[in-house]
Amino acid sequence: IRDDLVTGVQTCALPILRVSLNSLPPITLYMIGDSTMANKPADRMAVEQGWGQRMPEFVNSKANVSNHARNGRSSRSFIEEGLWTIVLNSLQPDDWVIIQFGHNDNKDDPARHTDPFTSYAANLRMFAKETRAKGAHPVICTSIVRGSFTSDGVLVNTHGDYLEAAIMVAQELSLPLLDLEKDTAKLVSSLWPSQLKKFYVPEDNSHLTPWGAAQVAEMAAGRIREQNLLLAAYLK
């Protein structure tokens, strides 16, 4: 599926770098997701950051990053707690929404659990369709990889079908896809085992150090440029 994925939506035929900064209308880049994307409090930032927290470093002055990702949220709890409604009510035409869930959707907690190809996929579709209805642009992300290895150093896929479900929805709705699982897996595999804590916080192999968060934000920016999305005009 990954090799055949076409995400030519909202692309620009002209080189993005030729767009004048002064000619760009201001936009807001909304981010919705879980703790791997979320802003961390000031007393925690020296140890842990979400990659959405680092995105302002990669956009120009015409883009405002509004990070609504929250620790512990799944696509289900983000909706049921009213967090999506806050974003939806704020959306303006030409804004963008980057969507990354999955880490908590696969947990047994009934308040958060979703099924990959039914309720999880349905939630992603809802985010995308309601974003488009406001004249804004949705982008789907696969979950960043957990640093879970077998004894012989093989990286374990802990997200299972949630990755393929995200790809499926992106294909189905012709959405841009940022395959951050693929990108982070490559980096994390190169760091194992001696440098793994450079990317993940000491407590676990899921949450990001400030360096790790910056790496993921840079990966996301790189994917946006590679696909020549109109959003690339707002990157530094």
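Helices (H or I, at least four residues) and strands (E, at least two) are DSSP runs, numbered from the N terminus. The model is predicted: local features need pLDDT of at least 70, side-chain atom pairs count only at pLDDT 80 or more, and totals for chains, interfaces and linings use all residues. Residues are numbered from 1 along each chain as its sequence is written, and side-chain values use heavy atoms, with hydrogens and water left out.

**Exercise 1.** Determine which residue just after H8 takes a positive phi, and state how far it is exposed.

*Solution.* Step 1: the residue that follows H8 with a positive phi, about 55°, is Asn228. Step 2: Asn228 is not a glycine. Step 3: Asn228 counts as partly exposed because its relative accessibility is 24% (buried means under 20% relative accessible area, exposed over 50%, partly exposed in between, with a 1.4 Å probe and protein chains only).

**Exercise 2.** Describe how H6 and H8 pack.

*Solution.* Step 1: helix H6 (residues 180–191) and helix H8 (residues 210–226) pack at an angle of about 135°, with their axes 10 Å apart. Step 2: H6 is therefore oblique to H8 (angles under 35 degrees count as roughly parallel, over 145 as roughly antiparallel, 65 to 115 as roughly perpendicular and the rest as oblique). Step 3: among the residues that meet, with heavy atoms within 4.5 Å, are Leu187 in H6 and Met219 in H8.

**Exercise 3.** Locate the cis peptide bond at Pro193.

*Solution.* Step 1: the cis bond joins Trp192 and Pro193, with omega about -5°. Step 2: Pro193 belongs to the loop between H6 and H7.

Terms used: Axes are lines fitted to C-alpha atoms, for helices over the stretch in contact, and angles run from 0 to 180 degrees between N-to-C directions.
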